[in-house]
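Biologist: Please take me slowly through one part of this model, starting from a single residue and then following the helices, and tell me what has been computed for each of them.

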Amino acid sequence: MISAMQGLLGLVSGSLVGFSLGLIGGGGSILAVPLMVYVVGVPDAHVAIGTSALAVAANAAVNLSNHARGGTVRWSCGLMFAAAGIVGAFIGSIFGKMLDGQKLLALFALLMLVIALLMLKTRSRAGLADVEMTLANTPAIVGLGVATGTLSGFFGIGGGFLIVPALMLATGMSIMNAVSSSLVAVTAFGLTTAASYAWSGLVSWPLAGLFIAGGVVGGLIGTRSARLLSARRGALNMVFAGVIILVALYMLARNLSLS
């Protein structure tokens, strides 16, 4: 059971998660997990991870429909990437549940910092228009899909902050297309991870429902903001990296103080 205050904090936190997914196609779990642990007060890191995976998957599906209406989703790339990563996400989630929760969060934060630095390095690249899956880029899409799916499952995340740069690397697409297309895989990876954690009884269903409800509103605002930022070269990349760096540093500080 969750208290009324936890319910309210869950709604607000969910709106932030939805906003992040709509804005940068990721960051859902990197926000949801620490919000559940440090703000809502979920005592078990694994329950926080399992619950956030379900909430993020649902919110990603809603945000995917918002981006699809804008015509920025590259379906062939997104669907192949997602299909390749589902098996990896399931395998990764099995190993993730075996690791101590605090260690898992610390490793998670370090990986986030690496990705953020890579995004800042490539912030000025415009990307190719109208990218689709071809024989030339299929191996990269499949390979990076498997690798990203495994990491997503291991850390219990939807994986958007990994998927966006991976799609850009595999296909050369713009960050706006990568943000939109990544939501296909975020939904698939999140559901796969959530199913694994739910099987182990590590999902708080009431809290997941509140996060999803809050995320619907936040997602609409985030999607509109992404379209505005995409018109400025590098702006969306910098926002993407900035969110990751701030949350990663906070998570590292919390985990180092607990060790």
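**From one residue to the helices**

Modeller: Ala45 is buried, since its relative accessible area is 10% (buried is under 20%, exposed over 50% and partly exposed in between, with a 1.4 Å probe and protein chains only). This is a predicted model, in which local features need pLDDT of at least 70 and side-chain atom pairs count only at pLDDT 80 or more, while totals for chains, interfaces and linings use all residues. Residues are numbered from 1 along each chain as its sequence is written, and side-chain values use heavy atoms, with hydrogens and water left out.

Ala45 belongs to helix H3, which covers residues 45–69 (helices are DSSP runs of H or I with at least four residues, strands runs of E with at least two, numbered from the N terminus). Although 57 residues separate Ala45 from Gln102 in sequence, their C-alpha atoms are 7.2 Å apart in space.

Helix H4 takes up residues 75–96, and its 22 residues reach 29 Å from first C-alpha to last, which is close to the 32 Å expected at 1.5 Å a residue (1.5 Å times one less than the number of residues). H4 is not straight throughout, for a kink of about 35 degrees is centred on Gly85 (the angle between axes fitted to the seven residues ending there and the seven starting there). Gly85 is itself one of the buried residues of H4, which also include Cys77, Phe81, Ala84, Gly88, Gly92 and Ser93.

Ser93 leads us on to another helix, as Ser93 is one of the residues in contact with Ser196, together with Phe90 and Lys97, once the neighbours of Ser196 within four places in sequence are left aside (contact means heavy atoms within 4.5 Å). Ser196 sits in helix H8, made up of residues 175–199, and Ser196 counts as buried because its relative accessibility is 6%.

A second bent helix can be set beside H4, namely H9, which spans residues 205–229 and has 25 residues. From its first C-alpha to its last, H9 reaches 34 Å, close to the 36 Å expected at 1.5 Å a residue, and H9 bends by about 30 degrees at Val216. Among the buried residues of H9 are several glycines, including Gly214, Gly215, Gly218, Gly219 and Gly222, and the buried residues also include Leu207, Ala208, Phe211, Thr223 and Ala226.
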